[in-house]
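Reader: I've got the coordinates loaded and I'd like to go through the labels one at a time. Can you walk me through how each was arrived at?

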Amino acid sequence: MDYVMRGVRADEWESVRELRLAALRDPVASIAFLETYEDASARPDAFWRERTVAGAAGQHVRQFVAEAPDGRWAGTVSVLVERPSDGVRFGAAAEADQTHVVGVFVRPAHRARGVVDALFREAIDWSWSLTGPPVERVRLYVHQDNVRAAASYRRIGFVPSGASVPVEGDPDARELEYEIRREQAAV
């Protein structure tokens, strides 16, 4: 694969914004993201600068990108660190030290080329490498109707944990939790 997987740099906020807005234009954005294009595009530059600085620092969140051979960003994934001492971010409060994968997106022209797999390898490896109490699992949520994403996550090694949360504004829909536990990843 000719793509380079790397963490974002603090000064790349304009590229972070552009890729996020592209993700929010994707046909499945309404079930894949908890934000709309309209809301994101209205955010000031300071928001994107702060978000990028945090994603580059890697203390509580780390954002990875896939850089195509032409230098354009082909995809992204972010990882949130969740500790039992933290408050609830999504779903329930963390019962164990874990990370939470969010913001998964690969541009349509770069799909089915192994980009999402490589991004997830970066995210999972980074999770296992964190200092402090060892991360016991990496989790993510996927909308029950996002079949393509769920299939990708299962192929990568995620399994349903059995937990789910209702989708805000749609009481009949659920976000399903998937996970990889450290002991599974070591096998």
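Author: Let's start with helix α1, in what is a predicted model. Trp13, Val16, Leu19, Arg20, Leu21, Ala22 and Ala23 of α1 are buried.

Reader: What covers the buried residues of α1?

Author: The cover includes the helices α2 (29-32), α3 (37-41) and α4, along with the strands β2, β3 and β4.

Reader: Why are α1 and α4 called roughly perpendicular?

Author: Helix α1 (residues 13-23) packs on helix α4 (residues 45-57) at an angle of about 100°, and their axes are 8 Å apart. Roughly perpendicular covers 65 to 115 degrees, so α1 and α4 get that label.

Reader: Which residues make the contact between α1 and α4?

Author: From α1 you have Trp13, Val16, Arg17 and Arg20, and they meet Asp45, Trp48, Arg49, Arg51 and Thr52 in α4. Sorted by class, the contact has three nonpolar, one polar and five charged residues.

Reader: How do you know whether Thr52 is buried or exposed?

Author: Thr52 sits in helix α4, and its relative accessibility is 0%. Buried means under 20%, so Thr52 counts as buried. Leaving out residues up to four places away in sequence, Thr52 touches Val8, Arg9, Ala10, Glu12, Trp13 and Val16.

Reader: Moving on to the other helix pair, what makes α5 and α6 oblique?

Author: α5 and α6 pack at about 60°, with their axes 11 Å apart. Roughly parallel needs an angle under 35 degrees, and roughly perpendicular starts at 65. The angle of about 60° falls outside both ranges, so α5 and α6 are oblique to each other. The crossing of α5 and α6 is right-handed.

Reader: Which residues meet where α5 contacts α6?

Author: Val116, Asp117, Phe120 and Ile124 in α5 meet Tyr153, Arg155 and Ile156 in α6. The contact of α5 with α6 has five nonpolar, no polar and two charged residues.

Reader: Where do α5 and α6 lie on the sheet?

Author: Helix α5 (residues 115-129) lies across β1, β2 (61-67), β3 (73-82), β4, β5 and β7 (170-181), and runs at about 150° to β2. Helix α6 (residues 147-156) lies across β4, β5 and β7, at about 160° to β5.

Reader: What is the strand order in that sheet?

Author: The order is β1-β2-β3-β4-β5-β7-β6, in an open sheet of seven strands with mixed pairing.

Reader: What makes β1 and β6 edge strands?

Author: β1 (4-7) and β6 (159-167) each have a single partner strand, so one side of each is left without a neighbour in the sheet. From one strand to the next, the twist averages 25°.

Reader: How do you know that the pairing is mixed?

Author: Look at β5 from both sides. Strand β4 (residues 98-106) pairs with strand β5 (residues 137-143) in the parallel sense, over three bridges, and Thr99 stands opposite Val138 in β5. β5 and β7, on the other hand, run antiparallel and are joined by seven bridges. There, Arg137 has Arg181 in β7 as its bridge partner. Two strands pair if there are at least two bridges between them; three bridges and seven bridges both meet that cut-off.

Reader: How do β6 and β7 run, parallel or antiparallel?

Author: β6 and β7 run antiparallel, with six bridges joining them. Ser164 stands opposite Leu176 in β7. The hairpin of β6 and β7 has two residues between the strands, and Gly169 takes a positive phi near 85° in that hairpin.

Reader: What is the phi of Ala112?

Author: Phi of Ala112 is near 65°, a positive value in a residue other than glycine. Ala112 is in the loop between β4 and α5.

Reader: Why is Ala112 called exposed, and why does Ala93 get the label partly exposed?

Author: Ala112 has 88% relative accessibility; exposed means over 50%, so Ala112 counts as exposed. Ala93, in the loop between β3 and β4, has a relative accessible area of 34%. Partly exposed is the range between 20% and 50%, so Ala93 is partly exposed. Ala93 and Glu82 are 11 residues apart in sequence and 8.3 Å apart in space, C-alpha to C-alpha.

Notes
Residues are numbered from 1 along each chain as its sequence is written. This is a predicted model: local features need pLDDT of at least 70, side-chain atom pairs count only at pLDDT 80 or more; totals for chains, interfaces and linings use all residues. Side-chain values use heavy atoms; hydrogens and water are left out. Helices (H or I, at least four residues) and strands (E, at least two) are DSSP runs, numbered from the N terminus. Axes are lines fitted to C-alpha atoms, for helices over the stretch in contact, and angles run from 0 to 180 degrees between N-to-C directions. Contact means heavy atoms within 4.5 Å. Buried means under 20% relative accessible area, exposed over 50%, partly exposed in between (1.4 Å probe, protein chains only). Angles under 35 degrees count as roughly parallel, over 145 as roughly antiparallel, 65 to 115 as roughly perpendicular and the rest as oblique. A crossing is left-handed if the near helix is turned anticlockwise from the far one by less than a right angle, and right-handed if clockwise. Ala, Val, Leu, Ile, Met, Phe, Trp, Tyr, Cys and Pro count as nonpolar, Asp, Glu, Lys and Arg as charged, and the others, Gly among them, as polar.
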